[in-house]
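Trainee: I'm new to this one, so could we go through it by asking how each label is earned?
Mentor: Sure, let's put it up and start.

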Amino acid sequence: MRLNIKSNLLKVALVTMPLVATISSCQKNFLDAVPELSLSDVNAFDTPDRVLAQVNGLYLSAKHGALFGGRYLIYNDIRAEEFLNRTANGVTGYTVYQGTNNSSDTYVGNFWTRGYLTINQINLFLKGLDDNASKIDPALAANYRSEAKFLRAMTYHALVQMFAKPYILDNGASKAIPLRLQPETTLANNDFPKSTVAQVYTQILKDLDEAEAGLPDTYSSALLRTTRAHKNTAIALKTRVYLAKGDYAKVITEGNKIVSAAAPFKSSTGAAHALQANITDVFKAPYTTSESIFSFPMADTNAPGTQNQLGYYFNVGNLEYVINKNAPGIFANAQWGANDIRRTQLTAVHTLGTYPTKFSGVSPYIDFVPQIRYAEVLLNLAEAEAEAGSAIRAVELLKAVHLRSDAAYVFSPTLLLDKPALINAILTERRIELFSEGFRANDILRRGQSINSIGAGSLIAPTDQRYIFPIPVGETDSNKGL
């Protein structure tokens, strides 16, 4: 990131956030309170409300439309074979779709910058929390510190996925991205080297382990259980991170903390997570189902921003991208049956094309943006069990997710004896279940597979320079340590 930003602007960034009354509040002002812009960093930790306001500010930065509020999901969805671009709109990811984005791409550059601004805001907050320890209840400080570390881990994982080679290609030995863990308010550390992929993953998992230890078991309202990190949130993200490393034993260890040994699969500790009976309820207000482990809330006062919103890309008003109904797109796969609710109720047909309806709001597009669902955790665990554990449990986890939406479907009984076929069925299920939620490209890359790019009109192999995003020119120009 370019750190040639005035120090006072960094301080303003630290305290620009919506206010809420208490950690247990579930009132509407959690979503749409007006940001306070005049709070000095000198007294930012003087009252519980001010500290909580800063925590809310971390979430606000992470859910920005340039990061997790839109672009992270969109870029991962449009790189491969699931969607067809309809508008050739450069603002809405057309170069990413084509595989022609380069280091000068402004929108991908904004993703990088927002990621590192969020990380620096977190680093500033963590230092401020330590410097003002005597002013804050220790238990509450541990809660807030852990939330910040969860968000830092989540942000670094997104950046290392997009801008560095997958861990599996060389066991994390390749150079990745700068691993900035100290708060920056001057240009003194602007020149900062890359860490290796393995080093970044080590820090991500360190943050998540520490977050798990300090986060509360749950919160007092469904809204807060969905929109603030708790223990199960950190555990769930760890299953994703370990899966990206190919460490299947660790996926099983972490997954077992929040998934019962047998069906019906649910969490018996902390927040009571389980699959929602009807998947369509997950994507309807109030967006706080038992399946919703972590989502970013949106409101008309802090919507993701023009042409960042998921609804803008997929809804009838614009239809920037429509579903690729032909092979190799997942829509043509026999595992996604004609009577599957995910087809009949979460997609729709327009004269311009078929489109997903998980994000069905209209401008200003304030659907919550899901980041972690219990269905993903079950599929993470299923894949790990198929690779390195119990094929029986892997099949049961797979069935739990699929039969929820298509009860009549029959999986081949030979899956128990055919490891490659079982893994393929689970990976196919991920494409169906997590469709349009930002998983496709990362699921390809983490297994070291080629990207079947419809936009580029070719396979993009792991050795191709287009396989990962180039570090933006703004970073390479200003950071001579790369």
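Mentor: First, the labels: helices are DSSP runs of H or I with at least four residues, strands are E runs of at least two, and both are numbered from the N terminus. With that, we can place Pro-286 in the loop between α12 and β2. Keep in mind that this is a predicted model.

Trainee: Which kind of peptide bond joins Ala-285 and Pro-286, and how do you know?
Mentor: Look at omega, which is about 10°, and the bond is cis. The bond from Ala-263 to Pro-264 is cis too, with omega near 0°. Pro-264 also sits in the loop between α12 and β2 (292-296).

Trainee: What makes such bonds worth pointing out?
Mentor: Most peptide bonds are trans, and most residues other than glycine have a negative phi. On the phi side, Ala-88 has a positive value of about 55° although it is not a glycine. Ser-436, also a residue other than glycine, has a positive phi near 65°.

Trainee: Where is Ser-436, and how do you know whether Ser-436 is buried or exposed?
Mentor: Ser-436 is in the loop between α17 and α18 (440-445). Its relative accessible area is 1%, and buried means under 20%, so Ser-436 is buried.

Trainee: And what do we call Ala-88 by that measure?
Mentor: Ala-88, in the loop between β1 (83-85) and α5 (94-98), has 46% relative accessibility. Partly exposed runs between 20% and 50%, so Ala-88 counts as partly exposed.

Trainee: How do you know whether α15 and α17 are roughly parallel or antiparallel?
Mentor: Their packing angle is about 165°, with the axes 9 Å apart. Angles over 145 degrees count as roughly antiparallel, so that's what α15 and α17 are. The crossing is left-handed. Among the residues that meet there are Leu-379 and Ala-386 in α15, and Leu-422 and Ile-426 in α17.

Trainee: What about α6 and α7: parallel or antiparallel?
Mentor: Helix α6 (residues 106-131) packs with α7 at an angle of about 155°, and the axes are 10 Å apart. Set that against the 145-degree cut-off, and α6 and α7 therefore come out roughly antiparallel. Here too the crossing is left-handed.

Trainee: Which residues touch the most other members of the largest nonpolar core?
Mentor: Phe-125, Phe-150 and Ile-177 do, in a core of 110 residues. Helix α7 (residues 138-163) gives the largest share, 13 residues. Leaving aside neighbours within four places in sequence, Ile-177 is in contact with residues including Trp-112, Tyr-156, Phe-163 and Val-200. A second, separate core has 6 residues, including Ala-80 and Tyr-467.

Trainee: Which residues of α12 are buried, and what do they pack against?
Mentor: In α12 (residues 248-258), they are Tyr-248, Val-251, Ile-252, Glu-254, Gly-255 and Ile-258. They pack against α9 (197-214), α11 (231-245) and α15 (374-388).

Trainee: How many of the residues score a pLDDT of at least 70?
Mentor: That would be 91% of the residues, and the chain averages a pLDDT of 91. Over residues 1-39, however, the pLDDT is below 50. That stretch still has 98 contacts in the model beyond near neighbours in sequence.

Methods
Residues are numbered from 1 along each chain as its sequence is written. This is a predicted model: local features need pLDDT of at least 70, side-chain atom pairs count only at pLDDT 80 or more; totals for chains, interfaces and linings use all residues. Side-chain values use heavy atoms; hydrogens and water are left out. A nonpolar core is a set of buried Ala, Val, Leu, Ile, Met, Phe, Trp, Tyr and Cys residues joined through side-chain atoms within 4.5 Å. Buried means under 20% relative accessible area, exposed over 50%, partly exposed in between (1.4 Å probe, protein chains only). Contact means heavy atoms within 4.5 Å. pLDDT is the predictor's confidence in each residue, from 0 to 100. Axes are lines fitted to C-alpha atoms, for helices over the stretch in contact, and angles run from 0 to 180 degrees between N-to-C directions. Angles under 35 degrees count as roughly parallel, over 145 as roughly antiparallel, 65 to 115 as roughly perpendicular and the rest as oblique. A crossing is left-handed if the near helix is turned anticlockwise from the far one by less than a right angle, and right-handed if clockwise.
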